[in-house]
Amino acid sequence: MLDKFAVIKSRFKEVSELISSPDIISDRKKYIDLSKEYKELNKLIEKFKIYETTLSNESEALDLIKDESDPEIQDMAKKQLEESRNIIPKLEDELKFLLIPKDPDDSKNVVVEIRAGTGGDEASIFAGDLFRMYTKYCLDRGWSTSTVDISEGTAGGFKEIIFEISGEDVYSFLKFESGVHRVQRVPQTETQGRVHTSAATVMVLPEAEEFDIKIDMNEVRVDYFCSSGPGGQSVNTTYSAVRLTHEPTGIIAQCQDQKSQHKNKEKALKVLRSRLYELELSKKMEADSEKRNSLVSSGDRSAKIRTYNYPQGRVTDHRIGLTLYDLQNIVNGGIDKLIEELKLYQNTEKLKNAGEVFKTWN
């Protein structure tokens with residue numbers, strides 16, 4: 001194990017030197033890739049240092065117990081030995097996880113699309129509830145959100161809303177949210193108090209950089225039109241809204257949230273790039289059985305992942321069979337427990353697969 005630590009330290013030193021090289025700094029893709037590697041290696045080295053110190057404490061305690069005759073020192077050594085042996089297995093589990101190759105998209109910002117599904121006006125209202133839930137969660141984490149495109153519902157909420165989220169490791173937290181979210185409650189329009197079931201679809205796309213997806217603008221049709229949403233006279237009477245159609249795939253992205261045509265085009269292009277990137281990611285997952293069977297499946301957006309039941313005050317995540325009776329807190333942005341349980345489940349599965357690999361490090 002400690003021999004392998006020397007190899008990791010050597011690579012960390014190499015990356016540290018490369019990252020300050022003028023040639024690397026001038027190459028944006030290489031610089032970003034090396035910055036990510038530096039960050040991951042640094043985490044690994046810090047954990048290895050703690051592991052190394054704990055092993056040293058264990059060895060020192062054993063020597064003291066064997067050679068020291070003073071009862072007080074012997075007692076201290078036994079406590080140190082017990083503490084070290086309690087910590088070592090936990091550190092080894094943490095190292096196992098850190099040694100597993102990371103999802104390269106985990107550190108990315110995201111584009112989120114929420115669409116009303118079955119349930120008419122109530123589905124649009126629920127889509128609005130989900131948007132509020134995510135924006136409050138983002139606010140609590142210190143992430144920023146920016147609206148790209150909105151289609152409002154006739155009775156409130158949204159038929160569709162697309163927005164960006166920027167912050168640290170956003171995709172690693174929100175990638176589990178893709179799928180069909182279902183709500184069971186009495187709609188405001190229901191006169192007889194009957195519980196209805198409605199649904200909305202959430203898609204979380206890792207934001208693609210220019211070097212992730214190269215778009216040939218000769219293959220993109222650009223249409224300009226007047227914004228139909230709120231924003232005042234200047235928004236609704238000028239051709240500031242932009243629609244981009246990628247003709248080879250038929251994928252469409254549009255933005256009408258900004259007054260500037262240039263800014264709308266920039267945002268629409270970002271969404272188009274992310275959708276094309278997600279298309280490629282989906283193809284890759286189709287060929288990768290391990291990823292296809294994981295919680296995150298870009299290829300299946302029809303899967304029912306969660307139910308929000310208002311009469312019983314519960315939220316159930318169907319993928320891991322988790323039910324929480326904390327609905328009001330959750331719909332107000334308190335989704336931390338759900339996300340942590342989903343991450344824990346995925347990490348546990350990864351650790352099972354990493355067990356054999358880790359044995360070769362000892």
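**A walk through two sheets and a few helices**

Let me start with a pair of neighbours: strand 6 and strand 7 (residues 241-246) run antiparallel to each other and are joined by six bridges. Strands here are DSSP runs of E with at least two residues, helices are runs of H or I with at least four, and each kind is numbered from the N terminus. Two strands count as paired if DSSP finds at least two bridges between them.

Before I go on, please keep in mind that this is a predicted model: local features need pLDDT of at least 70, side-chain atom pairs count only at pLDDT 80 or more, and totals for chains, interfaces and linings use all residues. Residues are numbered from 1 along each chain as its sequence is written, and side-chain values use heavy atoms, without hydrogens or water.

How confident is the predictor? The chain's mean pLDDT (the predictor's confidence in each residue, from 0 to 100) is 86, and 88% of the residues reach 70 or more. Residues 231-235 stay under 50, and for that stretch the model has six contacts beyond four places in sequence; contact means heavy atoms within 4.5 Å. Where pLDDT is low, the predicted coordinates should not be read in detail.

Back to the strands we opened with. Strands 6, 7 and 8 make an open, antiparallel sheet in the order 6-7-8. Its edges are strand 6 (220-225) and strand 8 (251-255); each has a single partner strand, so one side of each has no neighbour in the sheet. On average, neighbouring strands here are turned by 15 degrees against each other, direction ignored; the axes are lines fitted to C-alpha atoms, for helices over the stretch in contact, and angles run from 0 to 180 degrees between N-to-C directions.

If you want residues to look for, V220 faces H246 of strand 7. In strand 7 you will also find T245. Is T245 buried or exposed? Its relative accessibility is 7%, so T245 counts as buried; the cut-offs are under 20% relative accessible area for buried, over 50% for exposed, and partly exposed in between, with a 1.4 Å probe and protein chains only. Beyond its neighbours within four places in sequence, T245 touches E219, V220, R221, I251 and I252.

Now for the other sheet. It is an open one of eight strands with mixed pairing, in the order 2-3-1-5-4-9-10-11. Strand 2 (144-152) and strand 11 (322-324) sit at the edges with a single partner strand each, which leaves one side of each without a neighbour in the sheet.

Strand 9 (residues 304-309) is a nice place to stop. Five of its six residues are buried, so strand 9 is largely enclosed by the rest of the structure. It pairs in the parallel sense with strand 4 (residues 179-185), over five bridges, and antiparallel with strand 10 (residues 314-317), over four. T307 shows this nicely: it stands opposite R182 of strand 4, and its bridge partner in strand 10 is T316. R306, in turn, is bridged to D317 in strand 10. The hairpin of strands 9 and 10 has four residues between the strands, and in it G313 takes a positive phi near 65 degrees.

What lies across these strands? Helix 5 (residues 121-141) lies across several, among them strand 2 and strand 9, and runs at about 110 degrees to strand 4.

One residue for those who like backbone angles is D169. Although it is not a glycine, D169 has a positive phi of about 55 degrees. You will find D169 in the loop between strand 3 and helix 6 (170-174), and at 19% relative accessibility it counts as buried.

Last, helix 4. How far apart are its ends? For the 29 residues of helix 4 (residues 71-99), 1.5 Å a residue, times one less than the number of residues, gives 42 Å, and the end C-alpha atoms are 41 Å apart, which agrees. At its start, a side-chain oxygen of D70 comes within 2.9 Å of the backbone nitrogen of E72. Its buried residues are Q74, A77, L81, S84, I88, L91 and L95. L64, in helix 3 (residues 28-67), is in contact with I73, Q74 and A77, leaving aside neighbours within four places in sequence. L64 itself is partly exposed, at 29% relative accessible area.

To close with the chain as a whole: it has eleven helices and eleven strands, and 41% of its 362 residues count as buried. Thanks for listening!

Conventions: A polar contact is a pair of N or O atoms within 3.5 Å; within protein, one must be able to donate a hydrogen and the other to accept it, and residues adjacent in sequence count only if both atoms are side-chain atoms.
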